[in-house]
Structure formats: C-alpha cells, structure tokens
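Visitor: I should like a close look at one part of this model, namely its strand pairing. Please take me through that part in order, and then through whatever packs against it.

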Amino acid sequence: MRIEVAKIEQRPIKGDFRIRDREMDSDSTDGFTIKDCRVEYELYRISESELMLKSHYSGSINLVCTTCLEAYDEEVNHSFSLLFTADPAELEGFVPPDDMDSDVQLLTGDVIDLERQVLDTMRLNIPMAHQCRESCRGICPTCGKNLNEGDCDCVVDTVDPRWKDLELFLNKKE
Ligand SMILES: [Zn+2]
Ligand SMILES: [Zn+2]
C-alpha cells in the first residue's frame, strides 16, 4: 500500500488494508509472523512540507517466547501517528504527546509506503522480553525440557555455596 506524496491533500485520504501470513525477521530470534491484521489509516496534509499519518491496526501475530522458545499467538491492537516533515530541523524539536504513540520522520521520496510504516511500528511495539504466558517457567538449563509441560528429573542444587563447608563439617561429625 503506497500513496503518492503529491496526491495527499488537506482532505484526509482514508482506507484500510490487511496484512496476512507475513514473516518478519525470520532469521533472528525476535522474528514474528503476522497471521492476520487489519490496518486502518488516515493520511492528510498539514502544510507544504508536512504530512500526517494516523493509523490503527488490530489482529493476531505469532511470535517466539523469549523464555521457553515456543511459538505462541498474541492479539495486537494499537494506534499510532506519524508526522512526515521535509524540514530536518523539525525532527529535533518534536515533542510527542503522552497519550499516543507518535513519532516524526523525514519526508523523503515521492511515495509513502503505508505497509512498511505499519510493519516498523509493529516491530517496535514487541517488547524485548515477551512471554507466552505471565508465569512461563522457561526451559531447564541442564536438560532443555520445557518446564511448562512438567518438571524434569534434574536435581537442582539449592544449597548456598557458603554453607557447603559447614555441611561437610557436620556430615563428618556424624
Ligand atoms: Zn514461554
Ligand atoms: Zn532438566
């Protein structure tokens, strides 16, 4: 979904599109797949050198849990706005409002690639550490079993090493 900059006027261009079965960054651990997302957008001109994009996306994505490394589905539902400006000086003075995910970008080229903007925003909104469930137990560092599926047979040594000597001493006495 690309829109020519020259065609954007004060009266908003509104529309929607879907992104389906799209794999993102599949070669890295923070890769994810967009299963099905609906994107709504509104694009309008503020001035000769400024354009505004307001967008909302919702749907489901599939990503890999950073704790247990299993894939899981997550619902996404997010609104954002993006100010495009041809004036580099404006990039520095930009103060985003608190109530919304807003950013500013330098306007370059003759088209605005809406899909790319949405994909970039989605990527930024996935937390570095994301888990399949709040209480994900992860994988056993010894045998690699997914502990959400049950305990493994590994014996976990929970004795504080500082008590080790005392323990040995007491054992000797017996
Ligand atoms: Zn997990
Ligand atoms: Zn284990």
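Guide: Two strands are said to pair if DSSP finds at least two bridges between them. Strands (E, at least two residues) and helices (H or I, at least four residues) are themselves DSSP runs, numbered from the N terminus. The model is predicted, so local features need pLDDT of at least 70 and side-chain atom pairs count only at pLDDT 80 or more, while totals for chains, interfaces and linings use all residues. Residues are numbered from 1 along each chain as its sequence is written, and chains are lettered from A and ligands numbered from 1 in the order in which they are written.

The protein chain has seven strands and three helices, which follow one another from the N terminus as β-β-β-β-β-α-β-β-α-α. Five of these strands form an open sheet with mixed pairing, in the order β2-β3-β4-β5-β6. Its edge strands, β2 and β6 (101-106), each pair on one side only. From one strand to the next the twist averages 25°, the angles being taken, from 0 to 180 degrees, between the N-to-C directions of axes fitted to C-alpha atoms.

The walk across the sheet begins at β2. This strand covers residues 13-24 and is joined to β3 (residues 32-47) by 11 bridges, the two running antiparallel. Several partners mark the register: I13 is bridged to L43 of β3, I19 stands opposite C37, and E23 faces T33. A residue counts as buried if 20 or more other C-beta atoms lie within 10 Å of its own, as exposed if 12 or fewer do, and as partly exposed in between, with C-beta atoms placed from the backbone. Strand β2 is hardly covered, since one of its 12 residues is buried. Over the protein chain, buried residues make up 13% of the 174 residues.

The next pair is β3 and β4, antiparallel over 14 bridges. Here E40 stands opposite H56 of β4, and the two strands form a hairpin with two residues between them. Strand β4 (50-64) is in turn joined to β5 by 15 bridges, again in the antiparallel sense. Y57 has H78 of β5 as its bridge partner. This second hairpin has six residues between its strands, and L69 in the turn has a positive phi of about 65°.

The last step departs from the antiparallel pattern: β5 and β6 run parallel and are joined by six bridges. In that pairing F80 is matched with D101 of β6.

What packs against these strands? In helix α2 (residues 114-124), the residues L114, Q117, V118 and M122 are buried. They lie on the same side of α2 because they cover an arc of only 135° around the axis, the arc being that of the directions from the helix axis to the C-beta atoms. The buried residues of α2 pack against β3, β4 and β5 (71-85), and also against β1 (2-4) and β7 (111-113). The exposed residues R116 and L124 are on the face of α2 turned away from its buried side.

A nonpolar core is a set of buried Ala, Val, Leu, Ile, Met, Phe, Trp, Tyr and Cys residues joined through C-beta atoms within 7 Å. In the largest such core, which has 18 residues, V39 and L53 touch the most other members. The elements giving two or more residues to this core are β3, β4, β5 and α2, and β3 gives the most, with six residues.

Two residues are in contact if their C-beta atoms, placed from the backbone, lie within 7 Å. Leaving aside residues up to four places away in sequence, L53 touches Y41, L43, S81, L82, F84, I112 and Q117. Among these, L43 is also the β3 partner of I13, and Q117 is one of the buried residues of α2. Of the contacts in the protein chain with a separation of 6 or more, 50% are between residues 24 or more positions apart.
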